[in-house]
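Subject: Structure handover

Hi there,

Here is the structure I promised to pass on to you. Please open it alongside this note, and I will walk you through what turned up.

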Amino acid sequence: MEIKTISEVYEAVCDKYDIKINPDVLGVLQKTPATGSLTLKLAGNVRLRRVQRLSDDDVLVLCKCLQNNQHVTGLDLRYNNIGDEGAGHLAELLQQQNSALRSLDVMFNDIKTDGAKVLASSLQTNSSLLSLRLSGNKLGNRAAMDLVSVLQVNNTLQELQLDDCDLATQSVIALSIALKSNEVLRCVDISRPLLFSLQEDWAIHFSEMLAVNGSLLELHLGKMEMTDSGMERLTEGLKLNQSLRYLDLRCNRVTRDGVRHLAEVLKKNSALEIIDLSANRIEDEGAAYLSDAIASPGCILKELSVISNNIRTDGLLSLVQAMKTNSTLTHIYIWGNHLEEPVCLAFRELTCSGRLPPEQTDVSAYEVDGRVFLAQVSNGLRKRWFRCDGRSTSSDTNAPRPDS
């Protein structure tokens, strides 16, 4: 009998390799249409029901099923138990001449150096993959260097996520050098590397890269231990950059002095639309620098997060006033600062007047016994500005990763 559906192929391959059927995989495949481009969503962190997380054997069967399949263009395999062996199977799939995969998400699995090296090797010949997300896998410096070297020959990949992958200074600097000549990558995330030097040499290299790179749209530099000195170096390159749209600087050590340099950039930069400064320490003076920049005619900033920055009433009210002056800024996130009653009243006015729609901030006003307070709501910065089709999107929120 001729096998027609992908679920039937899956059952046949399981039988051939004597591998037990994963009911969750089978269930997804049974619902998969036979036509059109689609992403198989097999993430292992579903909250509403218990799932059987994918193993390396599951990945072997899945990859065999997808050989010569032109309809599945994306694999979402986050939060599973995929190791180096499973990464090898995925690499073989990517090396197929007619590979249709455009996106591969294996965030927070168990892929280490050997698995990352074979994935990097597959990208030397692959010409279809646009997005590779390896966040949360402990790749280490050697594997990261291999991935960076591939960027010199691969002219297809547009998104590379390597946050929380134990990158070292060597690979971080190597990436910045590769990006000087790479004209394809649009989104890069290297947040939370393992940097043991206090000299912030990486910031100098990234500044030099930003001065010449004209294709990068989104750069994530969270948890880099960046200080005001590093921010000053980085902004030197930003002054010359006219392509970057989204700059993520969350969870660093930036204070008012570092933000002063960033504010000067915002007054003249005609590209930056989203900035995440969450969990720094810019305080009132830093907020005042930002407010001054936002109110200037040359600023096109649309979204700003200053969550948990020890900002008090004066700083937050200056941001409110800047929003009244300049209508370009449409999203602002302030939770985790000192939300005293004048701030609560000001943000209630912003939302009630329609200047700040409720879904575009992370606070909501309520009144008790004649006093106004602000409650936290779950809105947040768009997690990814860039999509593989090159357009922006507002559908993704900055929700905690385990629930994403």
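Let me start with a small puzzle: does D146 count as buried, partly exposed or exposed, going by its relative accessibility? Please keep in mind that this is a predicted model. With a relative accessibility of 23%, D146 falls in the partly exposed class, because buried would need a value under 20%.

D146 has a charged partner, too. Its side chain forms a salt bridge with that of K117, at 2.6 Å from N to O. The two residues are 29 apart and tie together distant parts of the chain, with K117 sitting in helix α5 (residues 113-122) and D146 in helix α6 (residues 140-150). K117 is likewise partly exposed, at 29% relative accessible area.

There are further salt bridges to look at, with 23 in the structure. Here are some that you may like to display:

- E367 and R348 pair through their side chains at 3.1 Å, N to O. This is another link between distant parts of the chain: E367 belongs to strand β12 (residues 363-368) and R348 to helix α13 (residues 341-352), 19 residues apart. R348 is partly exposed, with 28% relative accessibility.
- R233 and E232 also meet in a salt bridge, at 3.8 Å from N to O. R233 is partly exposed at 30% relative accessibility, and E232 is partly exposed at 30% as well.
- D76, R78, D105, R133 and E159 are joined in a salt-bridge network.

Now for the helix packing. In general, a pair of packed helices is described by the distance between their axes and the angle between them. Helix α10 (residues 256-268) and helix α11 (residues 283-294) have axes that come within 8 Å and cross at roughly 5°. Angles under 35 degrees count as roughly parallel, so α10 and α11 are roughly parallel to each other.

Which residues make up this contact between α10 and α11? On the α10 side they are R256, V259, R260, A263, L266 and K267, and on the α11 side E285, G286, Y289, L290, D292 and A293. Sorted by class, the contact of α10 with α11 comprises 6 nonpolar, 5 charged and 1 polar residues.

If you want a place to begin, try the K117 and D146 salt bridge, then turn to the contact between α10 and α11.

Happy browsing, and best wishes

Key. Residues are numbered from 1 along each chain as its sequence is written. This is a predicted model: local features need pLDDT of at least 70, side-chain atom pairs count only at pLDDT 80 or more; totals for chains, interfaces and linings use all residues. Side-chain values use heavy atoms; hydrogens and water are left out. Axes are lines fitted to C-alpha atoms, for helices over the stretch in contact, and angles run from 0 to 180 degrees between N-to-C directions. Helices (H or I, at least four residues) and strands (E, at least two) are DSSP runs, numbered from the N terminus. Angles under 35 degrees count as roughly parallel, over 145 as roughly antiparallel, 65 to 115 as roughly perpendicular and the rest as oblique. Contact means heavy atoms within 4.5 Å. Ala, Val, Leu, Ile, Met, Phe, Trp, Tyr, Cys and Pro count as nonpolar, Asp, Glu, Lys and Arg as charged, and the others, Gly among them, as polar. A salt bridge is a side-chain nitrogen of Lys or Arg within 4 Å of a carboxyl oxygen of Asp or Glu. Buried means under 20% relative accessible area, exposed over 50%, partly exposed in between (1.4 Å probe, protein chains only).
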